[in-house]
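Please work through the following exercises with the structure open, and try each task before reading its solution.

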Amino acid sequence: MGALPLLLPAAIVLVGLVILTVYFNLYVLSDPEKKAERKKRRDRQTILKKAQRRLVQNPRDPEALVVLAEAYFEDQEWEKALKLYQVLAEGVTDRTKVDEYEVQVRRGVCAFRLGRHEEAYQAFAVAYSLKPEAFEVRFHMGALEYLRGAYEHAVKLLSAAAAQQPEHPETRRYLSLALHRSGKYKEALPSIRAILNEMPDDKELLFAYADCLANLGQKEQALSIFTHLRVDEQWGPQACFRAGLINLGLHRYERAIKDLEIGVRHRGMDNQLRLEMEYRLAQAYIHQKEIRKAVEHLRAVQRTNPHYKDVEALLKKYGELQQNQNLQTYLLASPPDFLTLCRKLVVAFFPGAYVRILNMSIERSEYADLLCEVETSQWQDTVLFRFVRTTGTTGELAVRDFHARLKETRADRGICVSAGSFSDEAKRFVEARLIDLVGKEDLMGYLRKVDSLNPV
């Protein structure tokens with residue numbers, strides 16, 4: 001009795017093994033399909049071993065090379081297959097036993113799958129010369145032309161391939177992308193939308209779709225996609241840049257700054273794209289009147305490329321503004337703050353005099369006119385000031401306009417002030433008139449005085 005509990009589990013296991021053996025013999029080994037599959041595997045192994053033995057005797061045996069290359073190709077062992085197809089393409093003397101078109105196509109496919117696009121292009125170029133209308137050739141040549149940047153040629157080849165196999169997903173994908181890159185946004189948009197239903201995780205298609213929307217005026221829809229792509233490792237930098245550009249164009253400077261700040265934190269991006277992002281960030285910060293941050297990004301651009309666009313001129317301008325709060329107020333402050341500074345400047349022009357402001361006006365933040373009554377112990381005049389908010393050159397037309405305003409107000413004299421310079425024509429125009437032109441150098445002197453003055 002004591003031995004029975006120990007024997008029972010062993011008996012159960014033994015019965016189970018018997019049942020499995022019977023099942024395997026009756027159903028698995030006797031299944032015709034499984035028998036055929038096993039025979040095929042054995043035959044394949046025999047053929048491959050035979051081919052390998054032949055290659056030991058002759059490393060350039062064309063028939064053996066074809067057998068092994070096809071086996072590796074079917075197993076998607078691209079590297080091994082490519083080496084053999086290269087030998088078949090270039091190193092076999094008996095060409096009668098080699099299908100040159102098949103060899104070049106498969107050589108091209110292997111190289112394409114391995115990302116060796118130039119090598120793939122060379123192989124498919126030979127295949128194209130043999131069978132230019134074959135689908136495999138048209139598709140791969142079209143895809144490779146796209147990757148090489150020849151978008152118009154890619155569209156022609158891929159359109160022909162799509163006509164042969166309209167449902168082939170990779171052909172439709174590359175054709176959609178090539179249409180986008182060719183600037184055919186209306187044609188590309190529905191094509192990309194359709195293929196995205198099958199490849200929703202394809203970030204390149206998603207970026208192209210957003211770019212088409214943006215170029216067709218659907219900016220808000222494009223923005224939502226670009227924003228979604230901002231953190232993507234590959235497409236994030238470009239998505240950030242495009243989102244930043246859209247928000248800059250819509251005067252949403254805070255949003256643009258956020259987009260571009262995320263963008264510049266990406267690593268490994270194209271150097272030209274990084275320069276442009278830093279440059280646009282500086283512009284956004286200038287619009288926000290955050291001069292210190294704008295200067296930081298301009299200097300980042302300058303360190304990489306000192307001659308990039310107008311960075312040198314912007315640094316000269318805004319670097320000086322960063323150091324001079326009054327000049328910053330003169331050029332960038334809101335109209336009320338600008339007018340307050342102008343009132344102080346009027347007093348600085350006539351120290352010790354009694355100055356009364358009769359009228360003030362501001363024109364689209366471009367300039368301010370202040371009509372003043374100035375009285376000293378020796379004289380009394382009505383003076384019209386025009387404070388021009390520019391660091392550029394003020395020309396004759398602008399000075400003529402000021403002269404017309406001077407006559408209109410019947411002021412005794414006029415003073416035109418600029419943070420830039422005046423053209424020679426403007427200077428000649430005021431020679432015989434009661435108008436003084438005050439350029440940047442003199443303005444800087446007056447700006448240094450205003451901190452100790454109270455507004456009139």
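## Exercises on a five-stranded sheet

In this predicted model, the bridge partner of Ala-368 in strand β3 is Phe-387.

**Exercise 1.** Determine which strands β3 pairs with, and in which sense each pairing runs.

*Solution.* Begin with β2 (residues 367-375), which is joined to β3 by nine bridges and runs antiparallel to β3; a hairpin of four residues connects β2 to β3. Turn next to β5 (residues 413-418), which pairs with β3 in the parallel sense over six bridges, and where Ile-415 is the bridge partner of Phe-385.

**Exercise 2.** Establish the strand order of the sheet and identify its edges.

*Solution.* The order is β1-β2-β3-β5-β7, in an open sheet of five strands with mixed pairing. Because β1 (354-363) and β7 (435-438) each have a single partner strand, they stand at the edges, and one side of each is left without a neighbour in the sheet. Neighbouring strands of this sheet are turned by 20° against each other on average, direction ignored. For β1, the partner is β2, to which nine bridges join it in an antiparallel arrangement, with Tyr-354 opposite Glu-375 in β2.

**Exercise 3.** Find which strands helices α19 and α22 touch, and state how each helix is directed.

*Solution.* Helix α19 (residues 335-349) packs on the sheet and touches β1, β2, β3, β5 and β7, its direction making about 35° with that of β2. Helix α22 (residues 440-449) also packs on the sheet, touching β5 and β7, and its direction makes about 85° with that of β7.

**Exercise 4.** Decide whether β3 (residues 380-388) is mostly covered or mostly uncovered.

*Solution.* Taking buried as under 20% relative accessible area, seven of the nine residues of β3 are buried, and the strand is mostly covered.

How values were computed:
Residues are numbered from 1 along each chain as its sequence is written. This is a predicted model: local features need pLDDT of at least 70, side-chain atom pairs count only at pLDDT 80 or more; totals for chains, interfaces and linings use all residues. Side-chain values use heavy atoms; hydrogens and water are left out. Buried means under 20% relative accessible area, exposed over 50%, partly exposed in between (1.4 Å probe, protein chains only). Helices (H or I, at least four residues) and strands (E, at least two) are DSSP runs, numbered from the N terminus. Two strands pair if DSSP finds at least two bridges between them. Axes are lines fitted to C-alpha atoms, for helices over the stretch in contact, and angles run from 0 to 180 degrees between N-to-C directions. Contact means heavy atoms within 4.5 Å.
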